[in-house]
Amino acid sequence: MAKYTATAAAAAEDFIPLRCFDGEEFHVPSAMARRCGVVAAGMDTGEYTATGAVLVPDGVTGRVLASVMAYWIGRDAVGTGDLGRYDEQYVAGLSHDVRVDIINAAFHLGERGLFELFGPPVAPCA
């Protein structure tokens, strides 16, 4: 079982347990977890109270969720710095297969910013 390692500043935050379908569980600061629409909805409905964790959608493994969380943590560390450069470096460091897994996870998690990072937005058909 994996755990997000809290910094001194984050230690005072409340954490939300996220459980992947493969059994991996992460304790994530609630503000960070709210970046995902699906997770935020699970938090708002109190799903984690009934199940002990917010369940991450099928198809998002612990390995992939860890990569998504690394992205969030890195962006938080950059703060208001050069986010564009951070995004470029993050994407450049990923293999093709991991990129596909992260795109899939971002879609299923409702994490639009990360989903859009990997390509230009698609115009709606109308």
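**Strand pairing, helix packing and core of the predicted chain**

Within the sheet, Ile16 has Val28 of E2 as its bridge partner. This pairing belongs to a predicted model, in which E1 and E2 run antiparallel and are joined by 5 bridges. The two strands form a hairpin with 5 residues between them, and Gly23 in the turn adopts a positive phi of about 95 degrees. A further pairing links strand E1 (residues 15-19) to E3, here in the parallel sense and over 2 bridges. Arg19 is the residue that stands opposite Leu55 in E3. Taken together, the 3 strands make up an open sheet of mixed pairing, ordered E2-E1-E3. Its edge strands are strand E2 (25-29) and strand E3 (54-55), each of which pairs on one side only.

The sheet is part of a protein chain with 7 helices and 3 strands. Read from the N terminus, the elements follow the order β-β-α-α-α-β-α-α-α-α. The chain comprises 126 residues, of which 34% count as buried. Its accessible surface amounts to about 7100 Å², and carbon and sulfur atoms hold 58% of that area. Among contacts with a separation of 6 or more, 56% are between residues 24 or more positions apart.

The strands can be described further through individual residues. Although E2 is an edge strand, 4 of its 5 residues are buried, so E2 is largely enclosed by the rest of the structure. Pro17 is located in strand E1 and has a relative accessible area of 11%; because this value is under 20%, Pro17 counts as buried. Beyond residues up to four places away in sequence, Pro17 touches Glu25, Phe26, His27, Gly52, Ala53 and Val54. The C-alpha atoms of Pro17 and Met43 are 9.9 Å apart, with the two residues 26 apart in sequence.

Leu55, by contrast, is found in strand E3 and has a relative accessibility of 41%, which makes this residue partly exposed. Apart from neighbours within four places in sequence, Leu55 is in contact with Arg19 and Glu47. The contact with Arg19 accompanies the placement of these two residues opposite one another. A separation of 7.7 Å is found between the C-alpha atoms of Leu55 and Gly42, which lie 13 residues apart along the chain.

Helix H4 (residues 62-78) lies across E1 and E2 and runs at about 15 degrees to E2. The 17 residues of H4 should span 24 Å at 1.5 Å a residue, and the distance of 24 Å between its end C-alpha atoms agrees with this expectation. Just after H4, Gly79 takes a positive phi of about 65 degrees. Buried positions in H4 are Gly62, Val64, Leu65, Ser67, Val68, Met69, Tyr71, Trp72 and Gly74. The packing partners of these buried residues include both E1 and E2, together with helix H1 (30-33), H5, helix H6 (96-109) and helix H7 (112-117).

The largest nonpolar core contains 28 residues, and those touching the most other members are Leu18, Val28, Val39, Leu65, Trp72, Tyr90 and Leu109. Two or more residues are given to this core by each of E1, E2, H1, helix H2 (37-44), H4, H5 and H6. H4 gives the most, with 6 residues. Val28, one of the core residues named above, is also the bridge partner of Ile16. Leu65, another of them, is among the buried residues of H4, as is Trp72. Leu109 is in contact with Leu65 and also touches Cys36, Gly37, Val38, Val39, Val56, Pro57 and Val60, residues up to four places away in sequence being left out.

A polar side chain is also found among the buried positions. Asp87 lies in helix H5 (residues 83-92) and counts as buried, because its relative accessibility of 14% is under 20%. Outside its neighbours within four places in sequence, Asp87 is in contact with Tyr71, Arg75 and Leu117. Of these partners, Tyr71 is one of the buried residues of H4, whose buried residues pack against H5.

How values were computed:
Residues are numbered from 1 along each chain as its sequence is written. This is a predicted model: local features need pLDDT of at least 70, side-chain atom pairs count only at pLDDT 80 or more; totals for chains, interfaces and linings use all residues. Side-chain values use heavy atoms; hydrogens and water are left out. Buried means under 20% relative accessible area, exposed over 50%, partly exposed in between (1.4 Å probe, protein chains only). Contact means heavy atoms within 4.5 Å. Accessible areas come from the Shrake-Rupley method with a 1.4 Å probe; for residues, only the protein chains shown count as cover. Two strands pair if DSSP finds at least two bridges between them. Axes are lines fitted to C-alpha atoms, for helices over the stretch in contact, and angles run from 0 to 180 degrees between N-to-C directions. The expected span of a helix is 1.5 Å times one less than its number of residues. A nonpolar core is a set of buried Ala, Val, Leu, Ile, Met, Phe, Trp, Tyr and Cys residues joined through side-chain atoms within 4.5 Å.
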